[in-house]
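Biologist: I should like a close look at a single part of this model, namely the protein surface that lies near the nucleic acid. Please describe that part in detail, together with the packing of the elements around it.

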Amino acid sequence: MVSEKNIVILSGPTATGKSSLAIELCKKYKNIEIINADSLLVYREFNIGTAKPNLKQLGEVKHHLIDIVEPSVSFTAADFVSRVNHTIKELNSINLRALIVGGSGFYLKALLYGLWQAPPGNLEIRKKFEPLTNSELYKQLLHLDSKKALQIKQNDRYRLIRALEILELTGQKPSQLKPKLQNNSQFKLWIIDRPDKDLFYHIEKRIDTMLQSGFIEEVISLRKTYPPTIFPLQSIGYKQVCDYLDKKKPKGRKVPDDIYGLKSEIILATRQLVKKQRTWFKSQKKDFCFELDRDLPELEKEFENIYGTSA
RNA sequence: GGUGACGUACCCAAAUGGCUAAGGGAACGGUUUGCAAAACCGUCUUGUGCCGGUUCAAAUCCGGCCGUCACCU
């Protein structure tokens with residue numbers, strides 16, 4: 001059965017070189033296409049700051065789930081899962097294999113283990129909760145579903161609202177939601193990483209390149225079209241450029257007013273992302289962990305085992 | 001060389017005589033179930049440049065020294 005073929009998920013911290021590696025790996029096989037698993041590459045017009053693969057790269061190997069939504073539209077983990085499942089089916093039907101590449105841990109977890117059987121977010125209902133303070137929200141939830149409330153930190157406003165939203169939408173207690181089963185036996189989670197010294201060097205180099213390629217101009221142009229509140233403009237790099245353009249200084253830290261100050265702020269935020277991603281992956285069940293450069297031969301061998309001719 | 005300002009933790013920064021010297025950032029660790037490059041939580045338990053003086057009591061007042069910055073010659 002075609003659909004039972006293994007699919008590698010190539011993940012790991014940002015700037016490790018996942019995308020380029022994936023393209024190099026796929027070029028040798030001709031029948032593999034890449035499915036993006038990065039929460040920001042799905043947005044059109046956000047190109048430089050997201051380190052989106054360029055046209056040449058996109059031409060070498062076909063990519064899915066890149067540039068699929070407008071920047072002002074919110075794209076969720078559930079959207080990601082259904083799109084991926086759909087794409088895999090489609091590829092299988094024409095005898096192609098999929099390779100999933102990206103560092104958005106939450107999306108991957110949703111793909112591997114499924115989300116709960118719950119309705120999507122509802123702006124109307126969320127608006128209703130807006131005036132309430134965190135402790136008021138917490139008290140409400142404690143009253144309606146104390147089990148769930150005890151699992152949520154009292155200041156975790158986002159999750160408190162989500163839990164109350166589910167209650168209102170379904171009448172069901174969030175703590176009793178049933179899992180939506182996801183067949184994950186075909187996925188192989190591979191994490192690639194590299195030593196801090198290499199990774200940080202790459203991060204700095206990458207940010208230099210972004211700034212030289214017109215990153216600031218990209219942000220200026222995006223801000224003419226979209227409100228500053230949209231999610232991708234809050235993301236790493238974009239947020240710092242916005243602050244730079246608005247001359248907004250961070251609290252608790254002195255940063256030069258110039259391009260060097262901007263660069264150091266983006267580096268800082270990117271390193272913090274790396275750390276968060278590593279923390280995330282630490283708790284995930286992995287099939288392989290590779291250190292790039294050092295373990296490349298082994299990685300290629302494993303890749304051959306899964307995507308090789310006979311598979 | 002002269003004048004003035006300033007010197008508080010790894011960094012920024014409150015507190016100008018008196019309870020155990022705020023707060024923030026960074027860092028480190030963690031949570032994560034439809035916004036996730038988001039959001040949230042925990043840990044950073046003696047550090048007021050140096051020396052001396054005044055006082056019951058000094059980061060805080062006085063003197064000197066060292067250092068930084070600004071301006072002047």
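How do the residues of the surface near RNA strand B divide into nonpolar, polar and charged?

Modeller: The model is predicted. In it, the residues of the surface near RNA strand B comprise 16 nonpolar, 15 polar and 13 charged. In total, 44 residues surround RNA strand B, and the closest of them are Ser39, Ala78, Phe106, Ser235 and Gly252. Four elements give two or more residues each to this surface: helix H3 (77-93), helix H4 (105-113), helix H8 (157-170) and helix H12 (259-282). Of these, H12 gives the most, with 9 residues.

Two of the contributing helices, H3 and H4, pack against each other with their axes 9 Å apart and at an angle of about 55 degrees. An angle of that size makes H3 oblique to H4. The crossing in which H3 passes H4 is right-handed. On the H3 side, the contact is formed by Ala77, Ala78, Phe80, Val81 and Val84, which meet Phe106, Tyr107, Ala110 and Leu111 of H4. By class, this contact has 9 nonpolar residues, with no polar and no charged ones. Two of its members return to the RNA: Ala78 and Phe106 are among the residues closest to strand B.

The helix that gives the most to the surface, H12, has a packing partner in helix H11 (residues 238-245); their axes are 9 Å apart, at an angle of about 150 degrees. H11 is therefore roughly antiparallel to H12. Here too the handedness can be stated: H11 passes H12 in a right-handed crossing. Gln240, Val241 and Tyr244 in H11 meet Leu262, Glu265, Ile266 and Ala269 in H12. The classes in this contact are 5 nonpolar, 1 polar and 1 charged.

H11 in turn packs with helix H10 (residues 215-225); the two axes come within 10 Å and cross at roughly 80 degrees. H10 and H11 are therefore roughly perpendicular to each other. From H10, Phe215, Ile216, Val219 and Ile220 meet Tyr238, Val241, Cys242 and Leu245 in H11. The residues of this contact divide into 8 nonpolar, no polar and no charged. Val241 of H11 thus takes part in the contact with H10 and also in the contact with H12.

As for the wider setting, the domain assignment of chain A gives domain 1 (118-177) and domain 2 (196-275). The C-alpha centres of domain 1 and domain 2 lie 33 Å apart.

Technical notes
Residues numbered from 1 in each chain as written. Chains lettered and ligands numbered in written order. Predicted model: local features only at pLDDT ≥ 70, side-chain atom pairs only at ≥ 80, totals over all residues. Domains from an automatic or database assignment. Near = placed C-beta within 6 Å. Nonpolar A, V, L, I, M, F, W, Y, C, P; charged D, E, K, R; others polar. Axes fitted to C-alpha atoms, helices over the stretch in contact; angles between N-to-C directions. Parallel < 35°, antiparallel > 145°, perpendicular 65-115°, else oblique. Left-handed = near helix turned anticlockwise from the far one by under 90°. Contact = placed C-beta atoms within 7 Å.
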